[in-house]
Amino acid sequence: MRARYLLYILLAAGMLCACGGKTSHNEVVVNRRPFSGDSAYQYVAAQMDFGPRVPGTEEHDSCVLWLTETLRRFGADVEIQEGTMPDYAGEPQPIRNIVAHIGQDSTAKRILLCAHFDCRPWCDEDEEASWYQPVPGANDGASGVAILLEVARQLQLKPLQRGIDIVLFDCEDMGTPSFLKDLDRQDTWCLGSQLWSKDASLRGRYEWGMLLDMVGAPGATFYREYYSEQQASAYVEKVWHTASVLGYDNYFCDRQAGAIVDDHFYVARDLKIPVLDIIHIDPATGAFPAWWHTPNDDMQQIDKATLQAVGEVVMSVL
Ligand SMILES: [Zn+2]
């Protein structure tokens, strides 16, 4: 399970305080750009309407189609990267990453925005009766995707000078079930981003990137995750500073957190793209929230205000 990767114990004293407070960043002009938390909420609901988007199911197929059509409707040039990666049992797992190109090609490097759209087949953080039930994935999957769909819509209304690529990764959440520990192998999570990161032609194409994962819960808290700071510290500074200027330092806590092996880890390791992760960590436990990988990751755990905060920060940083 991914909580295992929280190698660096969160500084309990700091984590238990509410976030906020003064920060000592340099003065940087921040322009608030429009973003609709209402639209993003509808895009979470639309994904949830398919049912759990578990790879290999009709729900997943239908969602791939809808995501592709929606991004095209917002003016993106969309392609699907197909391939396989070995799953937790060593079997080939089919993968479909959705790649949307927005904005003209210029000499400037592009910016990468990513999230995973698949749902975990197992509620293995719940009691045993739920283990073989899929995670609904309102936060863990749909929330990050929904914000990026709304970003695409906003960029169609008011284009940027920069090229932006939105990559929706498949099969992030197929890591070895915690109840099958004996089968555990290396690198069973993040299969979609591992596949994408094998494409050496992508090297040098991006200046930097942001990954959104579990970004919709009421009162969500986002700390400066360890690998993000290691591989993209200047951009972490920029994002958290922007959040503070926009008045969202109750969500974006200016404190360090543990190391999480998420999609950004493989993209940075294999393609050398500095990517940061905006991911919800519970300050009380220093781990993922209680609904994580349980049947409770549903629309009850989605708050428009959180989607609005994260979306506005992403838009303003761009
Ligand atoms: Zn997950």
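## Salt bridges

Let's start with Arg269 and Asp270, whose side chains meet in a salt bridge at 2.7 Å, N to O. Arg269 is partly exposed, because its relative accessibility comes to 37%. Keep in mind that you are looking at a predicted model. Across the whole structure, a search turns up 10 salt bridges. As a general point, side chains of opposite charge can pair when their charged atoms come close.

Arg224 is a good residue to look up next. Which residues join Arg224 in a network of salt bridges? They are Glu229 and Asp254. On one side, Glu229 bridges to Arg224, with the closest N and O atoms 3.0 Å apart. On the other, the side chains of Arg224 and Asp254 meet at 2.4 Å, N to O. Arg224 belongs to strand 6 (residues 222-224) and Asp254 to strand 7 (residues 252-256), so this pair ties together parts that sit 30 residues apart in sequence.

Are the members of this network buried or partly exposed? Arg224 has a relative accessible area of 17%, so it is buried. Glu229 also counts as buried, because its relative accessibility is 17%. Asp254, with a relative accessible area of 30%, is partly exposed.

## The zinc site

Now for the metal. Which residues supply the protein donors of the zinc ion? Asp140 gives an OD atom, Asp173 is listed with OD twice, and His293 offers NE2. These donors lie 1.9 to 2.4 Å from the zinc ion. Along the chain, the donors follow the spacing D-x32-D-x119-H.

The two aspartates come from distant parts of the chain: Asp140 is in helix 4, while Asp173 is in the loop between strand 4 (164-169) and helix 5 (191-196), and 33 residues separate the pair. Asp140 is buried, since its relative accessible area is 1%. Asp173 counts as buried too, because its relative accessibility is 0%.

Why is the arrangement around the zinc ion called irregular? The four donor atoms subtend angles of 58 to 148°. Four donors count as tetrahedral if all angles lie between 85 and 135 degrees, so a range of 58 to 148° does not fit that description.

## Aromatic pairs

Rings meet in plenty of places here: a search of the whole structure finds 15 aromatic pairs. One of them joins Tyr88 and Trp122 edge-to-face, with 5.4 Å from centre to centre and 85° between the planes. This pair links distant parts of the chain, 34 residues apart. Tyr88 is in the loop between strand 1 (77-86) and strand 2 (92-102), and Trp122 is in the loop between strand 3 (110-116) and helix 4 (138-157). Both Tyr88 and Trp122 are buried.

Another edge-to-face pair is made by Tyr226 and Tyr227, at 5.5 Å centre to centre and 70° between the planes. Tyr226 is partly exposed, because its relative accessible area is 24%, whereas Tyr227 counts as buried at 17% relative accessibility. These two tyrosines belong to one aromatic cluster with Phe265 and Tyr266.

A ring can have a charged neighbour as well. What lies over the face of Tyr41? Lys304 does, at 5.2 Å from the ring centre.

## The strand 1 and strand 2 hairpin

Strand 1 and strand 2 run antiparallel, joined by 10 bridges. If you want one bridge to find on screen, try Glu82, whose partner in strand 2 is Arg96. More generally, side chains in a regular strand alternate between the two faces of the sheet.

How many residues lie between strand 1 and strand 2 in the hairpin? Five residues do, and Gly90 in the turn has a positive phi of about 85°. Tyr88, met above in its pair with Trp122, is in the loop between these two strands.

## One more arginine

Last stop: Arg110, which is found in strand 3. Its relative accessibility is 8%, so Arg110 counts as buried. How far apart are Arg110 and Arg53? They are separated by 57 residues in sequence and by 29 Å in space, C-alpha to C-alpha.

Note on methods
Residues numbered from 1 in each chain as written. Predicted model: local features only at pLDDT ≥ 70, side-chain atom pairs only at ≥ 80, totals over all residues. Heavy atoms only, no water. Phe/Tyr/Trp six-rings, centres within 6.5 Å; stacked < 30°, edge-to-face > 60°. Helix = DSSP H or I, 4+ residues; strand = E, 2+ residues; numbered from the N terminus. Buried < 20%, exposed > 50% of the residue type's maximum accessible area, 1.4 Å probe, protein only. Lys NZ or Arg CZ within 6 Å of the ring centre and 35° of its normal. Donors = N, O, S within 2.8 Å, 3.2 Å for Na, K, Ca; no water. Tetrahedral: all angles 85-135°; square planar, octahedral: opposite > 155°, others 65-115°. Pairing = 2+ DSSP bridges. Salt bridge = Lys/Arg side-chain N within 4 Å of Asp/Glu carboxyl O.
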